[in-house]
Amino acid sequence: MKFSNINLLDELARPELAPLLSAFHERRYARQAIIFAPQYDDDLAEQESDKKQKGNFVFIVKSGLVRIYLSYGDREFTIAFLKPGDLYVSHSNAFVQVLEDAVLLLLDTPTFNRCMMTIPEFTVPIVRVLGGMLKSCFSIIDGLALRDVTVRLARMLIDLAHENEGNAQKGLIRLPLSGEMLAQTLGTSRQTISTLLTDFTRLGILQKEQRGLYRILDEDRLRELLH
């Protein structure tokens, strides 16, 4: 569940973008910290005042794993997981949580906008990233609102497999989350996810290699579930 396949760390490594890279500042965050929260959530803002970065920022993940999610009462809806090279903003009225110790490159929004005006070489990849984010959001909304959990899990497994296409072990996927977090991501219960993974294994679609590590044996049958 990614917004884009463009790695902005690679883009910023280009010599002509050195002035933009130098404008970002680096900050480290510990796992489980909520570093940005909706601006209207005053209670959480008070509780997390020592943990959160204040202000409007554009940030790029340099290392670690970051989760973007919405929260309504006791229900959470994961929008995306950000990995190194992914970009997001602090003022989207979504929660930004660090799942693994992370290093972020941050730049305040006004400075970022000025850099975009003066360094047009960076405009093209940013436009492509924003287009990917929009497409991904519509796909997520469609999955959560209109598809059942079997379809949502099948889609996640296929996406994870294709994120790792360059690996020597073809079809091998590692579920990046705990059972509870995976259930929250797909809008269901931990037991349901466990049952579906067992069913996929029994049907010969998946093969369990070890805890959290699976091999897709029959991607065509997974894709049939999407229709």
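Throughout this tour, buried means under 20% relative accessible area, exposed means over 50%, and partly exposed is what falls in between, all with a 1.4 Å probe and protein chains only. The model is a predicted one, in which local features need pLDDT of at least 70 and side-chain atom pairs count only at pLDDT 80 or more, whereas totals for chains, interfaces and linings use all residues. Residues are numbered from 1 along each chain as its sequence is written, and side-chain values use heavy atoms, with hydrogens and water left out.

**Stop 1: helix 6.** Select residues 149-163, which form helix 6; helices (H or I, at least four residues) and strands (E, at least two) are DSSP runs, numbered from the N terminus. This helix of 15 residues reaches 21 Å from its first C-alpha to its last, close to the 21 Å expected at 1.5 Å a residue, where the expected span is 1.5 Å times one less than the number of residues. Colour the helix by accessibility, and you will find buried residues including Val149, Val151, Leu153, Met156, Leu157 and Leu160; Arg152 is also among the buried residues of helix 6.

Now add aspartate 148 and look at the start of the helix, where a side-chain oxygen of aspartate 148 reaches to within 3.1 Å of the backbone nitrogen of threonine 150.

Then show the side chains of arginine 155 and aspartate 159, which meet in a salt bridge at 3.4 Å, N to O; a salt bridge is a side-chain nitrogen of Lys or Arg within 4 Å of a carboxyl oxygen of Asp or Glu. What separates these two partners along helix 6? They are 4 residues apart, and therefore about one helical turn. An α-helix has 3.6 residues a turn, so residues three or four places apart point the same way. Arginine 155 counts as partly exposed at 33% relative accessibility, and aspartate 159 is likewise partly exposed, at 29%.

**Stop 2: helix 8.** Move on to residues 190-202, which make up helix 8 and include glutamine 191. Is glutamine 191 buried or exposed? With a relative accessible area of 57%, glutamine 191 is exposed. If you draw a distance from its C-alpha to that of glutamate 180, 11 residues away along the chain, the viewer should give a separation of 9.1 Å.

Further along, select aspartate 199 and arginine 202, whose side chains meet in a salt bridge at 3.5 Å, N to O. Being 3 residues apart in helix 8, these partners are separated by about one helical turn. Aspartate 199 is partly exposed, with a relative accessible area of 25%, while arginine 202 counts as exposed at 61%.

**Stop 3: a salt-bridge network.** Salt bridges that share partners join Glu11, Arg14 and Glu16 into one network, so select these three residues together. Within it, the side chains of arginine 14 and glutamate 11 meet at 2.7 Å, N to O; arginine 14 is partly exposed at 27% relative accessibility, whereas glutamate 11 is buried at 18%. The structure as a whole holds 8 salt bridges.

**Stop 4: two loops.** Select glutamine 32, placed in the loop between strand 1 (25-29) and strand 2 (34-36), and inspect its backbone: phi is positive, about 75°, although the residue is not a glycine. Glutamine 32 is partly exposed, with a relative accessible area of 37%.

Finish at asparagine 93, found in the loop between strand 5 (87-89) and strand 6 (95-108). Asparagine 93 has a positive phi of about 60° although it is not a glycine, and it counts as partly exposed at 36% relative accessibility.

Definitions and conventions:
Polar contact = N/O pair within 3.5 Å; in protein donor to acceptor, adjacent residues only side chain to side chain.
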